[in-house]
Amino acid sequence: MQELFVPLALSAVLIGVCLYLHFKVLRSVGSQMTAINERFRYPMLVVMMVIFLTHLAEIIIFTVAFWVMTMTGIGSLAGAHSSTPADFFYFSIASYTTLGMGDIAPEGAVRIVAGLEALTGLLLIAWSASFTYLTMESVWAPEKD
């Protein structure tokens, strides 16, 4: 039972942090749309860059968790890697985007966290797509006479 509690508790914290970060960033961008619209010629490029950087930050949050889990012996990664930060980052990207290349495989508790990262990434990418659509609809709406 303990082998299940640690990864689930860690995942709950990671998911909570990522959801909160995503919410705060999208809320901030949404509330700043008028200023972004006035300040930048292509406001959607600013919105997309902020969303991209937010996803990158969320991937890095999971990257650090995988590194800590591996260093503390809670789990490990197997396959074509040398345990460099780039390997953990690559694995996190593959998990978050649900790409799952398969050249690096999680072992132990890392499997649960990686699976839940994939679910989190899927949810947050869909949320970003929805936000982008709604933002584009308002930014590119035809002017009414």
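I began with S83, in the loop between β1 (75–79) and α4 (85–96). The model is a predicted one, and I kept that in mind throughout.

**Entry: S83 and T98**

I looked up the backbone of S83 and found phi near 60°, a positive value in a residue other than glycine. I then asked how much of S83 is covered. S83 is partly exposed, and its relative accessible area is 33%.

I turned to T98, which sits in the loop between α4 and β2 (104–108). T98 is not a glycine, yet its phi is positive, at about 60°. The relative accessible area of T98 is 46%, so I noted T98 as partly exposed.

**Entry: the chain as a whole**

I stepped back to the whole chain. How many helices and strands does the protein chain have? I counted 5 helices and 2 strands. Read along the sequence, their order is α-α-α-β-α-β-α.

I put a box around the C-alpha atoms along the principal axes, and it came to roughly 65 × 30 × 20 Å. The protein chain has 145 residues, of which 33% count as buried. I noted an exposed area of about 8800 Å², with carbon and sulfur atoms supplying 69% of it.

I also looked at how far along the sequence the contacts reach. Taking contacts between residues at least 6 apart in sequence, I found that 75% join residues at least 24 apart.

For charges, I listed 6 positive and 10 negative in the protein chain. Their mean positions are 12 Å apart.

**Entry: S11**

I went to helix α1 (residues 2–31), where S11 lies. Is S11 buried or exposed? S11 has a relative accessible area of 1%, so it is buried. Leaving out residues up to four places away in sequence, I found S11 touching I112, V113 and L116.

**Entry: the patch with V64**

I looked for nonpolar surface and found a patch of about 450 Å². I60, V64, W67, V68 and M71 make up this patch. I picked V64 from the patch and placed it in helix α3 (residues 43–71). V64 has 45% relative accessibility and therefore counts as partly exposed.

**Entry: A78**

I moved to strand β1, where A78 is found. At 21% relative accessibility, A78 counts as partly exposed, because buried means under 20%.

Which residues does A78 contact, leaving aside its neighbours within four places in sequence? I found D103, I104, A105 and E107. I checked one of these, D103, by its C-alpha distance to A78, which is 8.4 Å. Along the sequence, A78 and D103 are 25 residues apart.

**Entry: G108**

I placed G108 in strand β2. Its relative accessibility is 41%, so G108 counts as partly exposed. I then paired G108 with P7, which is 101 residues away along the chain. Their C-alpha atoms are separated by 9.3 Å.

**Entry: A94**

I returned to helix α4 for A94. A94 is buried, since its relative accessible area is 7%. Not counting residues up to four places away in sequence, A94 touches L99, G100 and M101.

I also checked A94 against A114, 20 residues apart from it in sequence. From C-alpha to C-alpha, A94 and A114 are 9.4 Å apart.

**Entry: E117**

My last stop was E117, in helix α5 (residues 110–139). Where is the nearest side chain of opposite charge to E117? It belongs to R111 and is 14 Å away. A salt bridge needs a side-chain nitrogen of Lys or Arg within 4 Å of a carboxyl oxygen of Asp or Glu. I noted that E117 is buried yet has no salt bridge.

I then listed what E117 touches, not counting residues up to four places away in sequence. I found I59, F62, F66, S92, S95 and Y96.

Technical notes
Residues numbered from 1 in each chain as written. Predicted model: local features only at pLDDT ≥ 70, side-chain atom pairs only at ≥ 80, totals over all residues. Heavy atoms only, no water. Helix = DSSP H or I, 4+ residues; strand = E, 2+ residues; numbered from the N terminus. Buried < 20%, exposed > 50% of the residue type's maximum accessible area, 1.4 Å probe, protein only. Lys, Arg positive; Asp, Glu negative; His and termini not counted. Contact = heavy atoms within 4.5 Å. Areas by Shrake-Rupley, 256 points an atom, 1.4 Å probe, with all protein chains shown as cover. Charge placed at Lys NZ, Arg CZ, Asp CG, Glu CD. Patch = residues over 30% accessible without salt bridge, like charges linked within 9 Å, V, L, I, M, F, W, Y side chains within 5 Å.
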